[in-house]
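Please look over the chain and its fold before reading on. The paragraphs below go from the strands to the space they enclose, and then to two single residues.

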Amino acid sequence: MTMATSSTRRRTALPPRQQGAAWACLLVLLAASPALAQDGAGEPQLRRFGVLLDAGAPHGVGVSAVLRPLPWLRLQAGPTTNTLSFGLRGGVSLLPFQTFVAPSLNAEAGHYFGSDYNDVVDWLGSSPSAAAAAIRDVTYDYVGGSVGLEIGSASRFNFFLHLGLSYVALKVDDASALIQDATDDPSVTARNLSVRATIPSVKVGFLLYFF
């Protein structure tokens, strides 16, 4: 019985050559596991918060805080200036491709507070008239949409160019003096003046993600 057991053990044992192959496979698996774990940990994390600086026409220069909750969605909001007054704006951008060079779809809305028309008159070297005094407090709202080209859209630094259209609504609180100056008739009265227009818009800028 003892000899049969010994013979059985000899039959079930792997030959030395197969044992060597098994040990080699085991070593390969052990070596590959840390490499696979390192590759998974090395994937770039999504940077969600940053700051944006841009300049363009007709809405001037702006700086915005940026939030990117999803890789394809970017939200921004902040102050703007057109050299005559200050305003506020907010916008959203859709980034369908997470590549170094990618298109974007953008929408934005903003408001400019009262501006002084006399500053423009002074720049032109003229003296303010009654009309200029009448439109000293000019405000306007705008809504715009654009198609953009984003360079570095999935990285920490991003440069962009946006081209589109803006719908602008300009308001003058008291247009009586403006109409009187244009018609040379001091008896003319007018209500608040509102001008609406759709105009082309262009914007260039850069964005820096911090974390």
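Two strands count as paired if DSSP finds at least two bridges between them, and a strand is a DSSP run of E that is at least two residues long. In this predicted model, a hairpin joins β1 to β2 through 2 residues. These two strands run antiparallel and are joined by 8 bridges. Within the pair, F49 stands opposite L67 in β2.

β1 also has a partner from the other end of the strand numbering. It is joined to β8 by 8 bridges, again in the antiparallel sense. In that pairing G56 stands opposite K203 in β8. What do the strands form when they are taken together in the order β1-β2-β3-β4-β5-β6-β7-β8? The 8 strands close into a barrel, with antiparallel pairing. Averaged over neighbouring strands of this sheet, and with direction ignored, the turn of one strand against the next is 25 degrees. Another pair in the barrel is β4 with β5, which are antiparallel over 8 bridges. There R89 stands opposite G110 in β5.

The chain as a whole has 5 helices and 8 strands. Read from the N terminus, its elements follow the order α-α-β-β-β-β-β-α-α-β-β-α-β. Two helices thus come ahead of β1, and the chain ends its list of elements with a strand. The chain has 211 residues, and 28% of them count as buried. Among contacts with a separation of 6 or more, 58% are between residues 24 or more positions apart.

Next comes the enclosed space. How many cavities of 30 Å³ or more are counted? The count is 1 cavity. The largest cavity holds about 290 Å³ of space. Its lining is made up of 27 residues, and those nearest its centre are N106, E108, S146, H162 and K203. K203 is also the residue of β8 that stands opposite G56. At least two lining residues come from each of β1 (49–57), β2 (60–70), β3 (73–81), β4 (86–94), β5 (101–115), β6 (138–151), β7 (157–172) and β8 (193–209). These are the strands that close into the barrel. By residue class, the lining of the largest cavity consists of 9 nonpolar, 13 polar and 5 charged residues.

Two residues on β4 and β5 can be followed in detail. L94 lies in strand β4. Is L94 buried, exposed or partly exposed? Its relative accessibility is 37%, so L94 counts as partly exposed, because that class lies between the 20% limit for buried and the 50% limit for exposed. Leaving aside residues up to four places away in sequence, L94 touches W72, L73, P103, S104 and L105. L94 and L75 are 19 residues apart in sequence, and their C-alpha atoms are 9.1 Å apart.

G114 is found in strand β5. With a relative accessible area of 39%, G114 is therefore partly exposed as well. Which residues does G114 touch, not counting those up to four places away in sequence? They are S85, D137, V138 and T139. From G114 to D173 the sequence separation is 59 residues, while the C-alpha to C-alpha distance is 9.8 Å.

Definitions and conventions:
Residues numbered from 1 in each chain as written. Predicted model: local features only at pLDDT ≥ 70, side-chain atom pairs only at ≥ 80, totals over all residues. Heavy atoms only, no water. 1 Å grid on protein atoms, 1.4 Å probe; cavity = no way out; pocket = protein on both sides within 12 Å on 5 of 7 lines; lining within 4 Å. Points joined across faces, edges and corners; volume = space filled by probe spheres on them. Helix = DSSP H or I, 4+ residues; strand = E, 2+ residues; numbered from the N terminus. Nonpolar A, V, L, I, M, F, W, Y, C, P; charged D, E, K, R; others polar. Axes fitted to C-alpha atoms, helices over the stretch in contact; angles between N-to-C directions. Buried < 20%, exposed > 50% of the residue type's maximum accessible area, 1.4 Å probe, protein only. Contact = heavy atoms within 4.5 Å.
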